[in-house]
Amino acid sequence: MTVEPGVPGDRTLTEVLAGLSEEGFTEDVLVREDGQLCCARCGHCVAAEDMQLRALRRLEGASDPSDMAAVLGLECPACGMRGTAIVRFGPEAGPGEEIVLQHLDDQRLRHDGRSPG
């Protein structure tokens, strides 16, 4: 079964993180309660719109569909580090996670404005 990036499938969080690590997302990005994203390498914290989204993988719990999370592949604007942040969405999302998802700068879009295929 082929799963498109960003589309939920039967993958574990560990598998998703390993796959993104192979793509160069090897560090951590921390999500603060105020919606700021912080680079674990250089410590620089920025608003979500100032961090560049390079990859997105959605996960949904097989036994509990309300258990929804996204793994974000992000690039730090200060040091260029590529890392991941795990955010919940849906009813379990915290205020910081909601801010992040609403304000990310999605760099996955092509120049013609269409999502990558």
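## A charge over a ring

In this predicted model, the charged end of R82 is placed over the ring of F25, at 4.2 Å from the centre of that ring. Pairs between aromatic rings, by contrast, are absent, the count for the structure being 0.

## The largest nonpolar core

In soluble globular proteins, nonpolar side chains tend to be buried together. Here the largest nonpolar core has 19 residues, and the members that touch the most others are V29, L37, M51, L72, L74, V100 and L104. Several strands contribute to this core, with at least two residues coming from each of β2 (36-39), β4 (52-60), β5 (68-75) and β6 (82-88). The strand that gives the most is β5, which supplies 4 residues.

L74 offers a view of the surroundings inside this region: once its neighbours within four places in sequence are left aside, L74 is in contact with F25, V29, L37, M51, Q52, L53, M81, R82, G83, A85 and L104. Both F25 and R82, the two partners in the charge-over-ring arrangement, therefore appear among the contacts of L74, given that contact means heavy atoms within 4.5 Å.

## A second core

Another core lies apart from the largest one and is made up of 6 residues, including V16, L20, A55 and L59.

## T84 in strand β6

Is T84, a residue of strand β6, buried or exposed? Its relative accessible area is 9%, and T84 is therefore buried, since that term applies under 20%. Setting aside its neighbours within four places in sequence, T84 is in contact with L17, L20, F25, E27, D28, V29, V71 and L72. Among these contacts, L20 belongs to the core of 6 residues, while V29 and L72 belong to the largest nonpolar core.

Notes. Residues numbered from 1 in each chain as written. Predicted model: local features only at pLDDT ≥ 70, side-chain atom pairs only at ≥ 80, totals over all residues. Heavy atoms only, no water. Phe/Tyr/Trp six-rings, centres within 6.5 Å; stacked < 30°, edge-to-face > 60°. Lys NZ or Arg CZ within 6 Å of the ring centre and 35° of its normal. Core = buried A, V, L, I, M, F, W, Y, C linked by side-chain atoms within 4.5 Å. Buried < 20%, exposed > 50% of the residue type's maximum accessible area, 1.4 Å probe, protein only.
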